[in-house]
Amino acid sequence: MPSIQFRRKGYDALADGPIELGAFKTIQIEDGPRPISAAIHGDNWKQADVETALRKLCAYELQLMGGAPFERYLFILHIGKAAQGAGGGMEHANSTAINVSSGQTLSGVAAHEFFHLWNVKRIRPASLEPIDYTREQYTRALWFAEGVTSTYGNFTLVRSGIWSRQEFYADLAQDINELESRPANRWQSAEQSSLDAWLEKYPYYNGPDFSVSYYTKAKCSACFWTF
Ligand SMILES: [Zn+2]
């Protein structure tokens, strides 16, 4: 039985370092001094498409942000059946864990999660520090952490050629329609939506009369004040 040893860097680093065990395929996205790889578990994906998309989006964001803030980076990907109906991703300081229904829907989530390397993991709302695992932590800054990350995720997709300009504008139009269809958009700010995030577990709060998404509101706003 092989043994695995961990060196202690503190509980926050352990909690922020997911571990994947099982039969997965590993592909290399970037070689060199700051390597990037992907461990992929599942079906409904094509290796060439996943490699191309991840290479393009990583290269663009690394160039935009002035280099890699990690020693090595891992995409942990559960695609198709392996996602077990879940969708989305979780950012970590040196990795991300992503669940998507197919390889075709991966690039949007991956561009967002990779940008979190900077915005959230290294540019952090002061209100989220120090981390307290025992209770809710309230912050007015999730709109910047998530919404602006979504804006830059979409900028990455269109600027790296993964999306056409039409796809970029179609996504923006969908978000604007979503906001304008919610009466709460008239009174709930992106800051207030951030602060109220802990209410999302109550179904009524998510209704159009009660809230807007800080992702969507800030993502649309940031499109107009960034370049
Ligand atoms: Zn995010």
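T26 has A39 of β2 as its bridge partner. The model is predicted. β1 covers residues 25-30, and β2 covers residues 36-42. The two strands run antiparallel and are joined by 5 bridges. β2 also pairs with β3, in the parallel sense. A zinc ion is coordinated by two histidines and a glutamate: H112, H116 and E146.

**Hairpin of β1 and β2**
- The hairpin has 5 residues between its strands.
- G32 in this hairpin takes a positive phi near 95 degrees.

**β2 and its parallel neighbour**
- β3 spans residues 73-79 and pairs with β2 over 7 bridges.
- G42 has I79 of β3 as its bridge partner.
- β2 is largely enclosed by the rest of the structure, because 5 of its 7 residues are buried.
- Helix α2 covers residues 47-65 and belongs to a β-α-β unit with β2 and β3.
- The handedness of that β-α-β unit is left-handed.

**Zinc site**
- H112 and H116 each coordinate the zinc ion through NE2, while E146 does so through OE.
- The coordination distances are 1.9 to 2.1 Å.
- The donor residues follow the spacing H-x3-H-x29-E in sequence.
- Two of these donors, H112 and E146, link distant parts of the chain, 34 residues apart.
- H112 lies in helix α3, residues 106-115, and E146 lies in helix α4, residues 142-159.
- H112 has a relative accessibility of 10%, so it counts as buried, the cut-off being under 20%.
- E146 also counts as buried, because its relative accessibility is 10%.

**Nonpolar surface patch**
- I4, F6, I19 and L21 form a nonpolar patch on the surface.
- Together these four residues have about 520 Å² of accessible area.
- L21 sits in the loop between α1, residues 11-15, and β1.
- L21 is exposed, because its relative accessible area is 72% and exposed means over 50%.

**Points to locate in the view**
- On β2, look for A39, the partner of T26, and G42, the partner of I79.
- At the zinc ion, look for the NE2 atoms of H112 and H116 and the OE of E146.
- On the surface, look for L21 in its loop, together with I4, F6 and I19 of the patch.

Technical notes
Residues numbered from 1 in each chain as written. Predicted model: local features only at pLDDT ≥ 70, side-chain atom pairs only at ≥ 80, totals over all residues. Heavy atoms only, no water. Patch = residues over 30% accessible without salt bridge, like charges linked within 9 Å, V, L, I, M, F, W, Y side chains within 5 Å. Areas by Shrake-Rupley, 256 points an atom, 1.4 Å probe, with all protein chains shown as cover. Salt bridge = Lys/Arg side-chain N within 4 Å of Asp/Glu carboxyl O. Helix = DSSP H or I, 4+ residues; strand = E, 2+ residues; numbered from the N terminus. Buried < 20%, exposed > 50% of the residue type's maximum accessible area, 1.4 Å probe, protein only. Pairing = 2+ DSSP bridges. Right-handed = clockwise from strand over helix to strand, strands pointing away. Donors = N, O, S within 2.8 Å, 3.2 Å for Na, K, Ca; no water.
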